[in-house]
Amino acid sequence: MDKISILQGRRVLLGVTGSISAYKSVDLASKLTQAGALVDVILTADATRFVSALTFEAVTGRVAYADMWQAHAGGLPTHILHVGLGEAADALLIAPASAHTLAKLAHGIADNLLTVTALAARCPLLLAPAMDGGMYEHPATQANLAVLRERGAWLIEPDYGRFASGLEGKGRLPDTARLMGELRRVLGRGGRLQGRRVVVTAGGTREAIDPVRYVGNRSSGKQGYALAQAALDAGAHVTLISTVALPLPVGAELVAVESSAQMLAAVQAHAAHADALIMAAAVADFRPPTIAEQKIKKQDDSDAGITLTLQRTEDILMAVKAMREVSGMPRVVVGFAAESENVLANAQRKLERKGLDLMVANDITAADAGFGVDTNRVTLIDSKGAHTSLGLMSKAQVAEAVIARVATLLLD
Ligand code: CTP
């Protein structure tokens with residue numbers, strides 16, 4: 001698992017309570033640690049019936065606590081364990097949070113290390129309820145959750161599905177990716193793009209020929225999704241206009257589109273109120289003028305081909321340029337230039353023609369950059385013509401560099 005900047009060196013206090021889903025928290029503790037977080041785990045006595053402190057110690061490389069009277073391992077701001085753990089933490093995430101622990105938290109009961117630490121802590125509190133049968137929907141649990149939400153706790157809604165009992169319902173602990181995404185949202189609050197609206201496009205458009213076939217542009221959408229995640233980490237409200245079905249970053253609003261015409265309409269609707277638009281999508285420049293209603297059949301006993309006539313699609317960034325001339329929105333517009341030759345000169349020309357604030361130029365002939373792979377090698381070009389070459393890095397790192405520039409352009 002790659003390092004995640006927003007989790008780097010952050011102290012995450014992970015509370016684990018008595019639920020069969022406690023085994024999933026081990027994966028969460030492991031992934032958070034691999035991503036660069038310092039994970040201190042507190043288990044309730046009931047949690048230790050499902051999974052041991054030693055299991056967490058093995059994956060986090062840190063002491064895990066299960067006893068209120070335990071001596072602490074050092075490195076805390078005070079020698080009082082529950083106060084020290086709470087004061088040191090950037091966030092307290094209780095996953096799974098049993099109905100019993102939620103009830104105690106709602107009433108300020110502090111009878112074990114986890115609940116006493118939750119009372120002492122001043123960091124954000126995230127709760128991931130997990131319970132079987134009708135427990136989650138029960139009015140007592142819902143009333144406790146309402147109290148906790150009102151007090152500022154961040155509730156992570158459980159998944160619907162099959163319980164350990166064999167019953168079905170709402171109350172399953174969400175998977176690690178979702179829990180990490182929720183934690184990123186909380187840690188990202190107050191970031192440089194707090195309160196800003198960012199629209200990102202991702203993937204290649206598909207221009208239908210008939211009900212089965214299309215002409216399209218190669219693009220995995222990975223860079224666009226990484227940009228959406230980086231904007232979320234910076235605290236932005238993010239709309240992702242996408243042609244692909246990658247896992248959606250937690251907190252992003254998805255607008256699913258297929259064709260360049262649909263993407264144009266979605267960009268016009270959403271970018272009109274946005275602070276920034278980042279056009280990472282590979283938009284088709286040509287499309288069939290009409291879509292055949294039925295599948296085009298080949299003729300039996302003939303190897304004759306067909307001729308496709310293509311017409312130009314509308315350039316979305318040119319439409320946005322016209323929109324900006326009237327309304328001034330979006331305030332910052334970023335384009336991507338996928339080039340196979342004269343990379344910088346072509347990218348610079350496109351930046352000027354499309355009236356962009358920033359162009360991200362990449363050489364698609366390099367094996368380790370561009371389509372499908374997880375790395376990229378780009379040069380950022382701004383409207384004054386200044387070039388910054390970023391070297392080979394992950395698409396997540398490229399995304400962070402682009403988002404940092406967007407924030408500077410918006411805030412300066
Ligand atoms: N783009 C767009 N609308 C189009 C085509 C491209 O908004 N119909 C955007 C892309 O999302 C990208 C930028 O324009 O941010 C540059 O795209 P690219 O395909 O590199 O350039 P084109 O303008 O299509 O020029 P060419 O195909 O001639 O290289």
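The following is a conversation about a predicted model, its ligand and some of its helices and strands.

Trainee: What makes the atoms of alanine 281 and the ligand a polar contact?

Mentor: A polar backbone atom of alanine 281 is 2.8 Å from an oxygen atom of the ligand. The cut-off for a pair of N or O atoms is 3.5 Å, so this pair counts as a polar contact.

Trainee: Which backbone atoms of isoleucine 316 and leucine 317 lie 2.9 Å from the ligand?

Mentor: For isoleucine 316, a backbone N or O atom lies 2.9 Å from a nitrogen atom of the ligand. For leucine 317, a backbone N or O atom lies 2.9 Å from an oxygen atom of the ligand. Both pairs are within 3.5 Å, so both are polar contacts.

Trainee: How much of the ligand does the protein bury?

Mentor: The ligand taken alone exposes 570 Å², and the protein buries 79% of that.

Trainee: Which elements give two or more residues to the shell around the ligand?

Mentor: They are α11 (316-327), β17 (332-339) and α12 (343-353). The largest share, four residues, comes from β17.

Trainee: Which residues come nearest to the ligand?

Mentor: Met279, Ala281, Phe336, Lys350 and Lys354 do, out of 17 residues around it.

Trainee: How many residues of each class does the shell have?

Mentor: Nine are nonpolar, two are polar and six are charged. Lysine is in the charged class, so Lys350 and Lys354 are counted there.

Trainee: Now helix α5. Why are Leu102 and Leu105 called buried?

Mentor: Buried means under 20% relative accessible area, so that is what the word says of Leu102 and Leu105. The buried residues of α5 (residues 99-107) also include Ala99, Thr101, Lys104 and Ala106.

Trainee: What covers the buried residues of α5?

Mentor: The cover includes β4 (91-97), α6 (113-120), β5 (125-129) and α7 (139-150). Just after α5, glycine 108 takes a positive phi of about 70°.

Trainee: Why is strand β12 described as largely enclosed?

Mentor: Five of the six residues of β12 (residues 237-242) are buried, so the rest of the structure largely encloses this strand.

Trainee: How do you know that β9 and β12 pair?

Mentor: Pairing needs at least two bridges, and β9 (residues 197-202) has six with β12, so the two strands pair. They run in the parallel sense, and valine 199 stands opposite threonine 239 in β12.

Trainee: What makes β12 and β13 a pair?

Mentor: Four bridges join β12 to β13 (residues 253-256), against a requirement of at least two, so these strands pair too. They run parallel, and leucine 240 has leucine 254 in β13 as its bridge partner.

Methods. Residues are numbered from 1 along each chain as its sequence is written. This is a predicted model: local features need pLDDT of at least 70, side-chain atom pairs count only at pLDDT 80 or more; totals for chains, interfaces and linings use all residues. Side-chain values use heavy atoms; hydrogens and water are left out. A residue is near a molecule or strand if one of its heavy atoms lies within 4 Å of it. A polar contact is a pair of N or O atoms within 3.5 Å; within protein, one must be able to donate a hydrogen and the other to accept it, and residues adjacent in sequence count only if both atoms are side-chain atoms. Accessible areas come from the Shrake-Rupley method with a 1.4 Å probe; for residues, only the protein chains shown count as cover. Buried means under 20% relative accessible area, exposed over 50%, partly exposed in between (1.4 Å probe, protein chains only). Contact means heavy atoms within 4.5 Å.
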